[in-house]
Amino acid sequence: MLSAEDNEVLCRIGAGTPMGELFRQFWMPAILSSELEADGSPRRLRLLGEDLVAFRDSGGKVGILDAYCPHKMAPMFYGRNEKCGLTCIYHGWKFDVAGDCLELGNEPGGEDHKHKVKIRSYPVREISNLVWIFMGDENQIAEFPHLEWAHVDAKQSHVTRWLQRTNWAQGFEGEIDSSHISFLHRTMNQSLRGAAVGTSLAPAGIWDDAPELTLRETDYGFVYGARRRADENTYYWRMTQCMFPIFNQIANDVFPRSGRCWVPVDDYNVMAFSYVYNADGPITEKEAETLEAGAGFPPLRDYGPTELDDGYVIDTFISKNVRGNDYLIDRDVQSEGSYSGIYGLTNQDRALQENMKSGFGLGPGKIVDRSSEYLMTADVPVITFRKMIIKMAKDLAEKGIRPAASMDGSLYNVRAISAITDIETFDELLEVYGDECRGIVTPAMAAE
Ligand code: FES
Ligand SMILES: [Fe+2]
């Protein structure tokens, strides 16, 4: 349970809000590289409540600019993307990827005045299939996160995104709510266990609906271990890395390593980015095909313009299973053994998360009512997450304390592992498996 006041702090991410400013301390995934072609169509984004347009110029450089032209606020999306710039088609003002004005089309003597005009732009970095954005103070740019999956060769990772129509915290909390996996995802897990790429599941024969959780706070968030009995002498340990405020990684000691990032679109929508990577070699075509079958992450999805709650349109992937079609729930399948009757892990999650009771703001699912929840010991990671991230946001807002991981990207160079061992305590597991929990990103790789 959370007070209505703290729920506001947790969920509101606009500029000037405590959580909004915390997010602006970090680099965030913005759009897939594959969505942007040189001189191709610009793509509309909304990130942290700000309307933006991304485009790739003739030279291949990516820019993310204000969605609206500074002349008369016309939409840049309809602009002409050519000759190393994006031109607003209302009166011909042209901007480059850095936001500098190249031409003032309708202005006599524009050449002499164009240096005074700028469109808001944000620093971007393109690496390993993704365009990243930093939306904070340009004089205090965060160190780029040393996340393993963000630094491997593009061929070694598979990154996707789709829209979830909830506040960001609902999505993030779902990732660290381990016990729902044994229920909501039950049948999918059983049929996929040990077989699918992109899911990370227990070895055959080991399953326990109520594992014991131990959590340790870290500089970047926390790590927790779920202990299940494997046999008389050993335990099956699964670790989850929770890297505030955006990233997580779920357990696996080999490929496929995977996790999600939750990037707030606005207070009522979040973009889920899913990554799967192989630190030792490329993702094969067959593996990519399995990933795209929709059983795990990502869902089967369409791409195109999608209207948000206030009418603003973004370009995004969106699941074929949505609230309007009841996530294609099949009651016959549900009664014959599938716990949910819904196909695909992320569709199952969204069916629940997008329809939770609303606390304030728009209708169901948007910002959940956390004031009347009944949380128990299985919810310790969620409780800890809220406590820690609200404190981080308040520390920044009230005392100017910047989060450690925004200044030291190497803190993110961690892995989530799983192990079958006779080790009994999580602290001992962390000590013995310490090296395996470190990623491969060296300072030189990070500096490239
Ligand atoms: S509104 Fe864009 S050039 Fe006039
Ligand atoms: Fe889930």
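**Exercise 1. The strands around β14**

Determine how β14 pairs with strand β15 (residues 235-243), and over how many bridges.

*Solution.* Step 1: β14 and β15 run antiparallel and are joined by 9 bridges; two strands count as paired if DSSP finds at least two bridges between them. Strands here are DSSP runs of E with at least two residues, helices are runs of H or I with at least four, and both are numbered from the N terminus.

Step 2: Within this pairing, Arg 227 faces Trp 237, a residue of β15. The chain passes from β14 to β15 by a hairpin of 5 residues.

Step 3: On the other side of the connection, strand β13 (residues 212-217) pairs with β14 over 6 bridges, again in the antiparallel sense. The bridge partner of Glu 217 is Phe 222 in β14, and a hairpin through 3 residues links β13 to β14.

Step 4: Strand β14 (residues 221-229) is largely enclosed by the rest of the structure, because 8 of its 9 residues are buried. Buried means under 20% relative accessible area, exposed over 50%, and partly exposed in between (1.4 Å probe, protein chains only).

*Conventions.* This is a predicted model, with residues numbered from 1 along each chain as written, and chains lettered from A and ligands numbered from 1 in the order written. Local features need pLDDT of at least 70 and side-chain atom pairs 80 or more, totals for chains, interfaces and linings use all residues, and side-chain values use heavy atoms without hydrogens or water.

**Exercise 2. The hairpin of β19 and β20**

Describe how strand β19 (residues 301-307) is joined to β20, and state how many residues of β20 are buried.

*Solution.* Step 1: The two strands are antiparallel, and 7 bridges join them. One of the pairs places Gly 304 against its bridge partner Thr 316 in β20.

Step 2: β19 and β20 make up a hairpin, with 5 residues between the strands. In the turn, Gly 311 has a positive phi of about 100°.

Step 3: Strand β20 (residues 313-319) is mostly covered, with 6 of its 7 residues buried.

**Exercise 3. Two open sheets**

Give the strand order of the open sheet that contains β6 and of the open sheet that contains β3, and identify the edge strands of each.

*Solution.* Step 1: One sheet has 4 strands in the order β5-β6-β7-β8, paired in the antiparallel sense. Its edges are β5 (80-82) and β8 (101-104); each has a single partner strand, so one side of each lacks a neighbour in the sheet.

Step 2: At the β5 edge, 3 bridges join β5 to the antiparallel strand β6 (residues 85-87). There, Glu 82 stands opposite Gly 85 of β6.

Step 3: The sheet with β3 also consists of 4 strands, in the order β2-β3-β4-β9, and its pairing is antiparallel. β2 (43-47) and β9 (121-122) lie at its edges, and because each has a single partner strand, one side of each is left without a neighbour in the sheet.

Step 4: At the β9 edge, 2 bridges connect β9 with strand β4 (residues 62-66) in an antiparallel pairing. Leu 65 is placed opposite Ser 121 of β9.

**Exercise 4. The iron site and helix α9**

Identify the donors of the iron ion (ligand 2) and their spacing along the chain.

*Solution.* Step 1: His 180 and His 185 each coordinate the iron ion (ligand 2) through NE2, and Asp 349 contributes two OD entries, at 2.1 to 2.6 Å. Donors are N, O and S atoms within 2.8 Å of the metal (3.2 Å for Na, K and Ca); water is not among the atoms, so sites may look incomplete.

Step 2: Along the chain, the donors follow H-x4-H-x163-D.

Step 3: Both His 180 and His 185 are buried. Asp 349 is among the buried residues of α9, which also include Leu 345 and Gln 353. Helix α9 (residues 345-353) is mostly covered, 8 of its 9 residues being buried.

**Exercise 5. Two loop residues**

Locate Asn 278 and His 146 in the chain, and decide whether each is buried or exposed.

*Solution.* Step 1: Asn 278 belongs to the loop between β18 (269-277) and α7 (285-291). Its relative accessibility is 12%, so Asn 278 counts as buried.

Step 2: Beyond neighbours within four places in sequence, Asn 278 is in contact (heavy atoms within 4.5 Å) with Gln 156, Phe 255 and Ile 283. The C-alpha atoms of Asn 278 and Phe 255 are 5.2 Å apart, although 23 residues separate the two along the chain.

Step 3: His 146 lies in the loop between β11 (130-134) and α4 (148-151). With 6% relative accessibility, His 146 counts as buried.

Step 4: With neighbours within four places again left aside, the contacts of His 146 include His 151, Tyr 412 and Val 441.
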